[in-house]
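Grab a pencil and keep the viewer open. Below are some short exercises, each with a solution you can follow step by step.

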Amino acid sequence: MTDPASRPPFEFLQHTADLCMLARGGDLRGLFRNAMKGMFCAMKPNVTTEETSRHMRVAGTDREDLLVNFLNELIFNAETYQEAYENADFEAIGDRELSVRLFGRKTDGFNMHVKAATHHDLAVRRTEDGYEGQVVFDI
Amino acid sequence: MQTTVSMDALRKIGPYLYEIPRDYRPDMRVPARVVASEELLLQIRDDRSLWQLVNTACLPGIERYAIAMPDIHQGYGFPIGGVVATRAEDGVVSPGGVGYDINCGVRLLLTPWAREEFAPRRDAILRELYRAIPSGVGKKTPAPLSAEDMDRVMIRGVPQLIDWGWGRPEDLEAIESGGCLDSARAEAVSDRAKERGRGQLGSLGSGNHFLEIQAVDQIFNTVLAARWDIRLGQVVIMIHTGSRGAGHQTCVDYVRLMLGRLEGWGIRLPDRELAAAPLVSKEAGDYLAAMAACANFAWANRQRITHDVRGACERILGAKASEIKVLYDVAHNIAKMERVILNGRERLLCVHRKGAARAFPPGHPELSARYRETGQPVIIPGSMGTPSFIMVGSPSVIEETFGTVCHGAGRRMSRTAAKKMMSSRDLRAELAKQGILALCPSKSGLVEEGPFAYKDVNAVVDVIAGASLAGKVARLAPLGVIKGG
């Protein structure tokens with residue numbers, strides 16, 4: 001499957017105090033990759049020229065929980081190691097666990113702080129083009 | 001799928017009190033109440049605040065009713081401005097009822113200067129504070145705490161900082177819980193949460209966090225103002241921040257843990273973000289201990305910033321800066337085990353305050369000696385360019401709202417919509433016309449926090465006073481602000 005060309009890989013919906021993102025992908029890999037890109041797009045990192053790569057394994061009780069846990073791991077890395085990721089190579093991804101190598105760059109801060117990805121209104125749905133996922137971030 | 005509550009479902013049961021009855025939805029265990037005016041209710045008619053409030057009325061062991069303050073707005077799980085008290089014997093604790101920013105709260109400092117003598121140095125002070133106190137996303141302090149010192153701060157809170165020379169013993173009497181919950185256990189906090197937070201002690205953070213210089217421009221209660229050393233024209237400094245990354249990660253960790261256990265506990269919830277643990281469970285004990293540790297870090301964070309404020313003021317204004325003192329420091333994202341007298345009977349309750357502040361009245365035994373006779377000051381920040389208020393809890397506040405009032409103005413507009421209202425340059429110009437200097441590391445961050453994005457704080461405070469939950473003591477006008485970004 002290929003990523004749907006007609007609709008954006010991610011977009012942000014209205015939410016009074018926080019950030020609601022809808023991400024899309026032709027498959028689960030694409031969905032999770034675009035969710036990552038969308039989140040970092042919102043965070044607006046001040047990237048440096050120093051490249052970085054990190055391997056990660058994440059588990060969850062279901063696809064939705066896996067998506068939130070994946071994004072929260074990225075937030076932890078961003079805040080603790082000052083890293084922002086531009087691409088993700090999923091070695092394996094299923095309904096309850098994933099293994100991924102992340103590629104990105106070191107940052108000198110971010111322009112928007114994301115505290116966490118929440119379980120509120122969380123959804124991962126199959127669509128005719130693949131998958132879409134909705135996540136609300138606490139900012 | 002229904003996600004809003006029709007105004008028809010609300011019954012007015014007091015001048016500023018509305019109730020959604022228990023039979024509105026079959027999974028509600030108690031009614032849901034909103035402290036509000038008709039005008040403020042109309043502002044939330046189309047969002048999900050009230051639906052979220054109804055969801056919290058489904059929590060096991062909830063006592064009396066789920067309550068929302070007049071600054072209520074849509075959050076995730078709990079609405080912001082929500083108060084839920086659960087019984088120790090059969091209730092639950094929900095990290096979502098505290099929020100990701102554990103002990104986000106506000107502190108007010110009283111200075112010895114009058115507005116007129118301060119005004120010529122305002123810009124210099126503000127810029128020195130902006131330089132000295134890290135603000136903005138991911139900003140850390142130059143010297144991160146060691147792992148051992150992080151544990152010390154989490155266990156001891158403000159008293160540890162005073163031992164290190166970053167405060168005075170008299171500061172403790174003016175901080176909720178003396179700046180330390182002794183139920184804290186550092187081992188209940190994950191290493192990841194500590195790692196995320198140990199470089200952030202003394203930092204403002206971002207989003208709606210701020211440091212604001214204000215002047216007392218109206219006194220409503222002259223007796224209390226005199227007792228609390230508040231004078232007309234006095235310059236004060238307000239600090240709004242919380243537990244930073246340590247708190248955020250702790251909430252993430254425990255929501256995840258509890259979600260995995262819900263089925264085993266037989267708990268069904270209408271929203272995953274309400275994930276909760278029975279108060280009698282080990283998991284609840286661990287969460288409360290971890291939450292307390294992060295709350296202690298947040299109080300320590302505001303204490304370290306206070307120390308830096310004193311230092312910055314001394315560098316610009318001289319030795320008189322030693323007279324800067326804490327009026328009060330109150331948390332507005334926290335859950336506390338409190339002995340509450342309801343209908344003459346003492347109950348041990350877990351009181352969740354999410355975007356809501358404690359307002360204990362005169363005589364409350366948990367208050368320090370300094371405030372036991374008068375009741376504690378309650379600090380209600382406005383939004384950029386609008387006034388803030390100092391209030392005091394009224395005798396009826398315990399019975400009515402478990403001793404709780406609003407925490408601020410409450411958002412009424414999404415950040416996306418706010419950014420379309422005006423540019424950061426125009427906003428700075430508008431504030432400058434009012435004589436307010438605004439510093440912020442992020443242009444979009446400033447506009448997202450523009451006053452148009454918030455409810456009218458005067459209307460919110462009038463409802464609190466009209467509902468006899470707290471009385472106004474003084475009003476504070478902004479002079480300059482550092483926004484987190």
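A residue is called buried under 20% relative accessible area, exposed over 50% and partly exposed in between (1.4 Å probe, protein chains only). You're looking at a predicted model, where local features need pLDDT of at least 70 and side-chain atom pairs count only at pLDDT 80 or more, while totals for chains, interfaces and linings use all residues. Residues are numbered from 1 along each chain as its sequence is written, chains are lettered from A and ligands numbered from 1 in the order in which they are written, and side-chain values use heavy atoms, with hydrogens and water left out.

**Exercise 1. Find Lys44(A) and decide whether it is buried, partly exposed or exposed.**

Step 1: Go to the loop between α1 (28-43) and β3 (45-59) of chain A, where Lys44(A) lies. Helices (H or I, at least four residues) and strands (E, at least two) are DSSP runs, numbered from the N terminus.

Step 2: The relative accessible area of Lys44(A) is 41%, so this residue is partly exposed.

Step 3: Now check the backbone. Most residues other than glycine have a negative phi. Lys44(A) has a positive phi, near 50°, and is not a glycine.

Step 4: Try the same on Asp229(B), in the loop between α8 (222-227) and β9 (234-241) of chain B. Phi of Asp229(B) is positive too, near 65°, and its relative accessible area of 33% makes Asp229(B) partly exposed.

**Exercise 2. Work out which strands pair with β19 of chain B, and in which direction they run.**

Step 1: Recall that two strands pair if DSSP finds at least two bridges between them.

Step 2: Start with β8 (residues 210-219) of chain B, which is joined to β19(B) by nine bridges and runs antiparallel to it. One pair to click on is Phe210(B) and its bridge partner Lys483(B).

Step 3: Next comes β16 (residues 388-393) of chain B, antiparallel to β19(B) with six bridges. Here Gly393(B) has Ala470(B) as its bridge partner.

Step 4: Finally, three bridges join β18 (residues 437-439) of chain B to β19(B), and these two run parallel. Look for Ala438(B) opposite Val481(B).

Step 5: Why is β19(B) largely enclosed by the rest of the structure? Because 11 of the 14 residues of this strand (residues 470-483) are buried.

**Exercise 3. Describe how chain A and chain B meet.**

Step 1: Count contacts, meaning heavy atoms within 4.5 Å. You get 34 residues of chain A touching 38 residues of chain B.

Step 2: Look at the buried area, which is the accessible area (1.4 Å probe) that two parts lose on being put together, summed over both. Between the two chains it's about 3200 Å², with carbon and sulfur atoms giving 49%.

Step 3: Look for salt bridges (a side-chain nitrogen of Lys or Arg within 4 Å of a carboxyl oxygen of Asp or Glu). There are five between chain A and chain B. Among them is Asp62(A) with Arg272(B), whose closest N and O atoms are 3.1 Å apart.

Step 4: Zoom in on His113(A), in the loop between β5 and β6 of chain A. With 9% relative accessibility, His113(A) is buried. A polar contact is a pair of N or O atoms within 3.5 Å; within protein, one must be able to donate a hydrogen and the other to accept it, and residues adjacent in sequence count only if both atoms are side-chain atoms. The side chain of His113(A) makes one with that of Glu79(A) at 3.1 Å, and another with the side chain of Ser206(B) at 3.4 Å.

**Exercise 4. Trace the salt bridge between Glu89(B) and Arg347(B).**

Step 1: Measure N to O between the two side chains: the model gives 3.2 Å.

Step 2: Place both ends. Glu89(B) sits in the loop between β5 (78-87) and β6 (92-93) of chain B and Arg347(B) in strand β13 (residues 345-354), so the pair ties together parts that are 258 residues apart in sequence.

Step 3: Check Arg347(B), which is buried at 12% relative accessible area.

Step 4: Which residues share a network of salt bridges with this pair? They are Glu63(B), Arg87(B) and Asp90(B).
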